[in-house]
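Me: Hi! I have a new model open and would like to chat through its aromatic rings and cysteines. Could you help me look around?

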Amino acid sequence: MHLRNLVLIGLSSLMAWPVWAGTTLYDFETDEEVLSWHDEVRPSQRLSFPTTREPRYATSGQYAMCFRSPAWRPGMPEWPACEGKPVISDWSGFDRLVFDVTNPTAFPQRLFVYIADEGRATRDGLLVRCDLAPFGYQAVVVPLADLAARGCAVDKIRVMHWFTERPAGDMEVYVDRLILLREGEEPPPVPSSFLKEYAALQADHVAAMRQALSAAEQRVLRLAEMAPTALDWAQGRLSELSQQVDVFARAVTDGSPEILKGNDLNMRVQSSIEQLEALSALRADFERVRQAVAVEPTRRTDIVVGFASSMEKVLPRGVTPPLRVSRRASLSLARYEKEAFQVIVLPCEKEAAQVQVKAGDLTAPDGTVFAASNIKAAPVGYVETKAVPPYGSPHVGWWPDPILDFMSSADVAAGDAQSFWVRVTAPQDQPPGRYRGELAVMEGGKRLYSFDLSLEVYPFAVPKRSPLPMAVTFAPMFYEPDGQGGWREGAYRNTSWQKHKPQWGDFLADYYLNYDSLYHRGQPEFPVLQRLHQQRRLGMFNLGYYTVMPEDPEGAAAWKADIDQRIGAGYQKAKQLGILNHAYIYGCDEHPEAMFPGVERAAAYLKEHFPGALILTTTYDHSFGTNSVLQSMDGFCPLTPSYKRELADRVRATGKQVWWYICCGPHHPYANMFIEYPAIDGRVLMGAQTAKYRPDGFLYYEISIWNGEPITSGPFTSYDPRSWTTYHGDGSWTCPGPDGTPLATVRLENFRDGVEDYAYALILERLIKEIEASPQAAGRGEWLRRAREALEVPEGLVRSMTEFSKDPADVYRWRRAMAEAISEAGVDLRD
């Protein structure tokens, strides 16, 4: 063999290995590297977050930098911090920053670092968060594209600002080996000296996991004894977990790199223990009713069924929450109302194929039928999140969101919790009363369990159109990373949905929404709007977006010409169709005070030339026109945290309106509708909070940011839950189904249910006023007292915009009290 061939073989072998490389930013081998960190405001002042160079937990050389802070107590700094300018400020050409963090304490610790450039305040830079488990290690990776996405110039990095927040226990965290890497480069593996040192910490992990398993074994086996068929299954799962811990214990003894996965294993074991205990408890609980509901008692004894309300999110592969185990499911609703509940199917030991939930006809005591065609059950679909979003999340992974109405059944893997969304619709002319029938859970086309289903229909109807004015955009689009650290957006690239515009219009109306756009600069979808008007379901629609009117005559003339052409044409068409009373004109989205004069000029012109159309804005006038130049505006729309009920009431007295809106904010403790937020948030916002604070309308910027292809299979989908930047579900309450047909989400269902709750409040309020003004008022004192009490939103349900219940029972209790008062008024209300 020639030498040249040997060289080529050698080079090709080397190319198969990762390229260990990187440009060192800090490795803390000198005192100067540690002493360079200083206080943010007074560099010479003693640090509130002291740093020292220590010969411990070094992943490069012999030393690491240690951050120390005592456990937080009142009176101490809440955010101990230090900062410095990195020794290399030009990070262009690099792909990512990586560094190692070790927590040798028995407490969870949090370490944060802001990275900002020269033209930006520190806290406007990129925030990197490290959540450290007890005795834990993390290799932190910071994509520099994230810096660019924050608007930072990566060639002019000014500061790295380290801090923590209220340490739960005495903090001692080690940071080492800050390296800048180019694309294709990988950091070298941690040295054996670190592995040996870290292994000593993991011995405590092993002991803790074995102790947790021992304690769990006793609890689980006690529960399994209540469901004898589950005993072998529980023992097998415990044995599997014990074997995983044994494998890790050997890695600790050997000082293997596998010990770096100790955090993941510990969390996995703890989560598995919690899940096993939850499932064991559920199996024991279900055993009480299984014989009564099982069609064939000896068939598939490992399948457990529970119930949940529509206001709960049941993770398919997380710790199963407490489910309601019962022989009976029950629901109540008004005529024309839609209400839902969930059936959760959990096969514990092996897959269940072709699982279905079906209801038969329900009958009243007098023989009246509630048709099964009004009861639809569909699998809930799941989308996978892959990172913690800006508003935080208790779980990264699979979340329930789309409702897969195109599927009638689902295969359910062993250990998964599959939810079926049972949606009930009461026809407008359905006789009131209580109906009963069967709800079957089926596997492979055969009935497995049979539950009683009880339904109460109230003797009144909710309205066909939204009782709360809405300005909500449906305009399918995408919003995705552009690969250069920024974002690109545009119209949704799969155009199949456009064939179904009438169907989308009907679908949106089913959820009290209109086929509308806040930002369009063309014409409204008049064919769809006319169809909805004929159905008596038309809500509000926008005649077109407006910008500030320029001050200079030439600019103002061009602005007027554009407005007259675009909005003028739609205005005349709306008058011709007899739907002008549904029209509004929206613009000047979230404009600051400096732009108020131009906003006022625009509003004044629009008000003069398009009478009868509401002029609406989200311009940041938190005085709602009482202390600004915005005197021509008809409607102000602040974010929910900026809504002031007393001020809004005073403004309404002058003939103006005050709406409210949400978008990518606010975050908790305010209600919002992100995928990870409790489903009840949307229902409480649109129902109880709206009834308590009485905004004149609700605005939302977009419900159809679709960053995935149409969903055609499930229940675990490939649909990307990212919507606006790194948010999950913001601006995206709908999904495209097969061929672009409509799919609702759990969040959209709760939005509508909240509007229906608000409709109950308005119906009851109207009845109270009518009876108070009637000649029979004197004889209706007891009803009026109970009705007024029912109308008031309970403090236990909503105390404030940031304090509201997460318990569905509180919503149902308020809703039932209103329904009973309406029913006892003796008036049959229909839209």
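Me: Let's start with two tyrosines: are Tyr545 and Tyr586 buried or exposed?
Reply: Happy to help! This is a predicted model, so please read everything here as computed from it. Tyr545 is buried, and Tyr586 is buried as well.

Me: Thanks. How many aromatic pairs are there overall?
Reply: The count comes to 51 aromatic pairs.

Me: Pick one for me. What kind of pair do Phe526 and Phe541 form?
Reply: Phe526 and Phe541 are edge-to-face, with 6.2 Å centre to centre and 80° between the planes.

Me: And where do those two sit in the chain?
Reply: Phe526 belongs to helix 8 (residues 526–534), while Phe541 is in strand 28 (residues 541–542). The pair therefore ties together parts that are 15 residues apart in sequence.

Me: Are Phe526 and Phe541 buried or exposed?
Reply: Phe526 counts as buried because its relative accessibility is 9%, and the cut-off for buried is under 20%. Phe541 counts as buried too, at 0%.

Me: Back to the tyrosines. What is the geometry between Tyr545 and Tyr586?
Reply: Tyr545 and Tyr586 make a tilted aromatic pair, 6.0 Å centre to centre with 55° between the planes. This pair links distant parts of the chain, 41 residues apart. Tyr545 is in the loop between strand 28 and helix 9 (553–577), and Tyr586 is in strand 29 (residues 583–587).

Me: Which residues join Trp706 in an aromatic cluster?
Reply: Trp706 forms one aromatic cluster with Phe474, Tyr492, Trp497, Trp504, Phe507, Tyr511 and Tyr515.

Me: Nice. What about charges: which ring does the charged end of Arg53 sit over?
Reply: The ring of Tyr63, with the charged end of Arg53 at 4.0 Å from the ring centre. Arg166 lies over the face of Trp72, at 4.1 Å from the ring centre.

Me: Changing topic to cysteines. How many disulfides does a search of the whole structure find?
Reply: Zero.

Me: Why is there no bond from Cys637 to Cys663?
Reply: The closest cysteine sulfur to that of Cys637 is in Cys663, but at 10.0 Å it is too far for a bond. Cys637 is buried, with a relative accessible area of 1%.

Me: And what is the nearest cysteine sulfur to Cys663?
Reply: That of Cys664, 4.3 Å away. Cys663 is in no disulfide, because a disulfide needs the two sulfur atoms within 2.5 Å. Cys663 is also buried, with a relative accessible area of 12%.

Terms used: Residues are numbered from 1 along each chain as its sequence is written. This is a predicted model: local features need pLDDT of at least 70, side-chain atom pairs count only at pLDDT 80 or more; totals for chains, interfaces and linings use all residues. Side-chain values use heavy atoms; hydrogens and water are left out. Rings of Phe, Tyr and Trp (its six-membered ring) pair if their centres lie within 6.5 Å; planes under 30 degrees apart count as stacked, over 60 as edge-to-face and the rest as tilted. Helices (H or I, at least four residues) and strands (E, at least two) are DSSP runs, numbered from the N terminus. Buried means under 20% relative accessible area, exposed over 50%, partly exposed in between (1.4 Å probe, protein chains only). A charge sits over a ring if NZ of Lys or CZ of Arg is within 6 Å of the ring centre and within 35 degrees of the ring normal.
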